Amino acid sequence: MAATIFIAMIVLLLLGFPMMIPLIVGAFIGFFTMFGGMGQMETMVQQMLAGIRPASLIAVPMFIFAADIMTRGQSAGRLIDLVMAFVGHVRGGLAISTAAACTLFGAVSGSTQATVVAVGSPLRPRMLKAGYKDSFILALIVNASDIAFLIPPSIGMIIYGVVSNTSIAELFIAGIGPGLLILVLFSIYSYIYAVRNNVPTEERATWSERGKALLAALWPMGFPVIIIGGIYGGVFSPTEAAAACVLYALLLEVVVFRSITVGEVYQTAKSTGLITAVVFILVGAGAAFSWVISFAQVPQAILGAIGITEMGAIGVLFVISIAFFVGCMFVDPIVVILVLVPIFAPVVDAVGLDPVLVGVIITLQVAIGSATPPFGCDIFTAIAVFKRPYIEVIRGTPPFILILIGVAVALIFFPQIALFARDLAFR
């Protein structure tokens, strides 16, 4: 049965069907085979509905909606101007500003693809004019957007938390340390690149200009305060923080900045609804598919074959890291989380690993895979947004991917990079 499902899914993918179709077909084949016909198909529907039932998933469309509003409005531009005012003048400052802007926008959107669009669109022309090679620029934007997957509110962490029944609030706080570490390492590499390629520096902003940039960015900086401060202070749950972000984004862009109209809000909501529908269909189909492979004991057979049950905690983390990294090189991150997390959950429990640490590592590997050839989704987002050929987009990615892999390995051996903030906030 497992072989039949696998072959059917691969054929459908090769024929160009969106990922939701192979997942639904794979689940259908599994139910049909296991229960001898159509008699138990209602169980498949029940499992799909159960997958989208958790209340925590409500946060996903609200964070997407808030990010769409900010992308259409002025928030992203004001955050970029703030970073540029303070670090734009140092060697490699424009590249460092791009990485920092990705981090800041990630702290208000939680989406890697939204970050590619919001930060990359205005900064890429400025970097080209400053003398950076386009291959470096594209690689920086694609990989720095990965920080958005770690800095709260991370949509990937929400999905992982729902699937693994792990505290989303703890996952959010634990992602901050690795995200900031990646920002520092990307900034160091950007500085080295600028020195080696003799990239000229930008003009230093005056303190008056910095003050104006800071004042202009104060309102957008309220988003991480709402999300991190609200959750850390016990004021909001993650879902409530998402609702507060939508309200804040609407007030900011419609009333304060007046950058979008009520009609544009409607169009934004329509776009968010379409994206949410796709995400929730994937979640429902993934839940049914995961039930099928678990009922058929496919995970136990696979994990037993590679001997993971005899490994220690570090060995298990390495296997998990490789599986998620490779998976996201070919398949949508949400699908990989939905399918693989239930497979590894029994092993994680058996070796006594902290599910929050596992969640951060998985989220990081998902982010790396999303920016890694051949089929990382952020690569194709960059191709669509910047209209550049595939080879040019991926040419400069190896140094950034090596940095990200280095951080992932460091997390395995030094888990306090992620857990220190979590323990400080919740222990």
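1. Helices in this note are DSSP runs of type H or I with at least four residues, numbered from the N terminus. The model is a predicted one, and the points below should be read with that in mind. In this numbering, Arg258 belongs to the loop that connects α15 (238-256) with α16 (262-295). Although Arg258 is not a glycine, its phi is positive, at about 55°. Arg258 counts as exposed because its relative accessibility is 71%, and exposure is set at over 50%.

2. A second non-glycine residue with positive phi is Asn198, for which the angle is near 55°. Asn198 sits in the loop between α12 (176-196) and α13, and with a relative accessibility of 61% it is therefore classed as exposed. A colleague checking backbone geometry may also wish to look at the peptide bond between Pro152 and Pro153, which is cis, with omega about 10°. Pro153 is placed in the loop between α9 (147-150) and α10 (155-164).

3. The largest nonpolar core comprises 142 residues, and those with the most contacts inside it are Leu23, Tyr132, Phe324 and Leu364. Helix α19 (residues 333-351) gives the most to this core, contributing twelve residues. If residues up to four places away in sequence are not counted, Leu23 touches Met9, Leu282, Ala285, Gly286 and Phe289, together with Val335 and Val339.

4. Helix α18 (residues 313-328) has 16 residues, which at 1.5 Å a residue should span 22 Å, and the 23 Å between its end C-alpha atoms agrees with that expectation. Its buried residues are Val316, Leu317, Val319, Ile320, Ser321, Phe324, Phe325, Gly327 and Cys328. Phe324 thus appears both in this buried set and among the residues with the most contacts inside the largest nonpolar core. As background to the spacing of such a set, an α-helix has 3.6 residues a turn, so residues three or four places apart point the same way.

5. Helix α23 (residues 398-413), also of 16 residues, reaches 23 Å from its first C-alpha to its last, close to the 22 Å expected at 1.5 Å a residue. Buried in α23 are Phe400, Ile401, Ile403, Leu404, Val407, Ala408, Ala410, Leu411 and Ile412, and the helices against which these residues pack are α8, α12, α18, α20 (355-370) and α24 (416-426).

6. Within α23, Ile401 can serve as a worked case: its relative accessible area is 10%, so Ile401 is buried, given that the limit for burial is under 20%. Apart from neighbours within four places in sequence, Ile401 is in contact with Asn143, Ile368, Ala371, Thr372 and Pro373. Between the C-alpha atoms of Ile401 and Val265, which are 136 residues apart along the chain, the separation is 37 Å.

7. How many residues of helix α8 (residues 134-144) are buried? Eleven of its eleven residues are buried, and the helix is described as mostly covered. Asp134, Ser135 and Asn143 are among the buried residues of α8, as are Phe136, Ile137 and Leu138. Asn143 is also one of the residues in contact with Ile401.

8. Thr272, in helix α16, has a relative accessible area of 4% and is therefore buried. Its contacts, leaving aside neighbours within four places in sequence, are Pro61, Ile64, Phe65 and Asp68.

9. Two further residues show other degrees of accessibility. Leu180 lies in helix α12 and, at a relative accessible area of 42%, is for that reason partly exposed, while its C-alpha atom is separated by 35 Å from that of Tyr266, 86 residues apart along the chain. Glu170, found in helix α11 (residues 168-174), counts as buried because its relative accessibility is 13%. The C-alpha atoms of Glu170 and Leu183 are separated by 21 Å, with their positions 13 residues apart along the chain.

10. The second largest pocket has a volume of about 240 Å³. It is lined by 13 residues, of which Met84, Ala85, Arg126, Ala205 and Glu209 are the closest to its centre. Helices α5 (75-87) and α13 (207-217) each supply at least two residues of this lining, whose make-up is four nonpolar, two polar and seven charged residues.

How values were computed
Residues are numbered from 1 along each chain as its sequence is written. This is a predicted model: local features need pLDDT of at least 70, side-chain atom pairs count only at pLDDT 80 or more; totals for chains, interfaces and linings use all residues. Side-chain values use heavy atoms; hydrogens and water are left out. A nonpolar core is a set of buried Ala, Val, Leu, Ile, Met, Phe, Trp, Tyr and Cys residues joined through side-chain atoms within 4.5 Å. Buried means under 20% relative accessible area, exposed over 50%, partly exposed in between (1.4 Å probe, protein chains only). Contact means heavy atoms within 4.5 Å. On a 1 Å grid over the protein atoms alone, a cavity is a set of points where a 1.4 Å probe fits but cannot get out, and a pocket is an open set with protein on both sides within 12 Å along at least five of seven lines; lining residues have an atom within 4 Å of a point. Grid points are joined across faces, edges and corners, and a volume is the space filled by probe spheres set on the points. Ala, Val, Leu, Ile, Met, Phe, Trp, Tyr, Cys and Pro count as nonpolar, Asp, Glu, Lys and Arg as charged, and the others, Gly among them, as polar. The expected span of a helix is 1.5 Å times one less than its number of residues.
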